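Thank you all for coming this morning. I would like to walk you through one structure that you may not have seen before, and I will try to explain each term as I reach it.

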Amino acid sequence: MKIHTAFVILFFASSSVTAQIKKYKTCIIAFYNLENFYDTVNNPMINDDDFTPAGIKHYTTDIYNDKVTKLATVINLIGTDVSPKGPSLLGVAEIENDTVLTDLIHHPLISHRHYQLIHYDSKDPRGIDVALLYDPKTFIPEQTETLFVKIPGNSKQAFYTRDILYVKGWLAGETIHVYVNHWPSRRGGEERSSSAREAAAKVCKDHINRILQQDANAKIILMGDLNDDPDSPSITQILKAKPTIAQTKPGELFNPWFELYTKGIGTLANRDSWGLFDQIILSQAWLNPEQDGLFYHHKQVFTRSFMRENTGSYKGYPMRTWNGNTYRGGYSDHFPTYIVLLKSLK
């Protein structure tokens, strides 16, 4: 099993001008909300009528193919400034089914990576789910399941939301646990809907706690569009994710995105306010850089100029796919995020 070697760090001793070169293997873990990634076929079991040729958006095959190309363009570049091989794991949200993902991973821009996918249909009324794409050369799944989230009464109009995808597998010879999330939206108001997101957070945290009770050093990655910011109660009070490495104790979670959020950096924008909903949260076991295995190095909101609105009142915002029912031809209304894991080469 190979991970691309791309990181070289120089260490300088104060008493000598001689530099020691330390090399690391690299691994990219990413998340991307793909914004209404539907196929064009009407599914009578879900509310996808708008995303058909006869629907209000006039969602044709040409538009669909353009959407696939736009997403493949972004995925092809995520993390390649660190590792040309791109993400070993890519969690995605707002996908209708495995058909659209199959088309995506076979697009010529990324087909050479031979991504495999893990996806389950959930009971979300819009028919959108989460999934995990993975590079089979670096990750081997061992166990997969979905975690059902029951929405509390009076918090949301919808009765169902997206299931949480749980995947256990081997990354560079280490057992890891991955959760891909898309928590209930803020539709109906942030305060009214907050209990729905807290319910999703609790489902995830309870499952994580069971793993940590068996192994306090378990390597866990929680990723997703959480529809909450790093300082929201669902994350600080339910997940109890800490904002700094120094504050994170064994058996706890670390949220690397708090720092960027306090600086006004986000992954989506609304009314001149940036939110950072798209987060990748880690268990404490990833944080020791002296360990033999993979460890956390840094995080990044991924964006390029072509992914942003460059003119008008929305300048700097993510260039979204749709303006209402008009096809904008953008990429997504969210920027993807990724983290870099390193492993020392002895």
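Before anything else, two strands are said to pair here if DSSP finds at least two bridges between them, and the strands themselves (E, at least two residues), like the helices (H or I, at least four residues), are DSSP runs numbered from the N terminus. Please keep in mind that this is a predicted model, in which local features need pLDDT of at least 70 and side-chain atom pairs count only at pLDDT 80 or more, while totals for chains, interfaces and linings use all residues. Residues are numbered from 1 along each chain as its sequence is written, and side-chain values use heavy atoms, with hydrogens and water left out.

Let me start with strand 17, residues 337-344, which pairs with strand 14, residues 295-301, in the antiparallel sense over six bridges. Within this pair, Tyr338 of strand 17 has Gln300 standing opposite. Strand 17 is mostly covered, with seven of its eight residues buried, where buried means under 20% relative accessible area, exposed means over 50%, and partly exposed lies in between, using a 1.4 Å probe and protein chains only.

Now to the sheet that will occupy us longest. It is an open sheet of six strands in the order 6-7-8-9-13-10, and its pairing is mixed. The edges are taken by strand 6 (139-147) and strand 10, each of which has a single partner strand, so one side of each is left without a neighbour in the sheet. At the strand 6 edge, the partner is strand 7, residues 164-171, which pairs with strand 6 in the antiparallel sense over eight bridges, and there Leu147 stands opposite Ile164 of strand 7. At the other edge, strand 10, residues 253-254, is joined to strand 13 by two bridges, the two strands running antiparallel, with Phe254 opposite Leu282 of strand 13.

Strand 13 deserves a closer look. Six of the six residues in this strand, 278-283, are buried, so strand 13 is largely enclosed by the rest of the structure. Asp278, Ile280 and Leu282 point one way, Gln279, Ile281 and Ser283 point the other way, and all of them are buried. Besides strand 10, strand 13 pairs with strand 9, residues 219-225, again in the antiparallel sense, over five bridges, and one of the bridge partners is the couple of Met223 and Ile280.

Which residues is Ile280 in contact with, once its neighbours within four places in sequence are left aside? Taking contact to mean heavy atoms within 4.5 Å, the list includes Ile29, Ala30 and Phe31, then Ile221, Leu222 and Met223, and also Thr337, Tyr338 and Ile339. Ile280 counts as buried at 0% relative accessibility. By contrast with those contacts, Asp39 is 241 residues from Ile280 in sequence and 27 Å from it in space, C-alpha to C-alpha.

Lying across strand 6, strand 7, strand 8 (174-182), strand 9 and strand 10 is helix 3, which runs at about 170° to strand 8; axes here are lines fitted to C-alpha atoms, for helices over the stretch in contact, and angles run from 0 to 180 degrees between N-to-C directions. Helix 3 spans residues 190-214 and contains Gln213, which is exposed, with a relative accessible area of 68%. Gln213 and Gly251 are 38 residues apart in sequence, yet 8.4 Å apart in space, C-alpha to C-alpha.

Let me turn to another pair of helices. Helix 1, residues 61-75, packs with helix 2, residues 98-105, at an angle of about 60°, their axes being 9 Å apart. In this packing, Tyr64, Val68, Leu71, Ala72 and Ile75 of helix 1 meet Thr99, Val100, Asp103 and Leu104 of helix 2.

I will finish with the backbone. Most residues other than glycine have a negative phi. Lys240, however, has a positive phi, near 60°; this residue sits in the loop between helix 4 (233-238) and strand 10, and at 46% relative accessibility Lys240 counts as partly exposed. Arg271 likewise has a positive phi, of about 55°, although it is not a glycine. Arg271 lies in the loop between strand 11 (268-270) and strand 12 (273-275), and it is exposed, with a relative accessible area of 75%.
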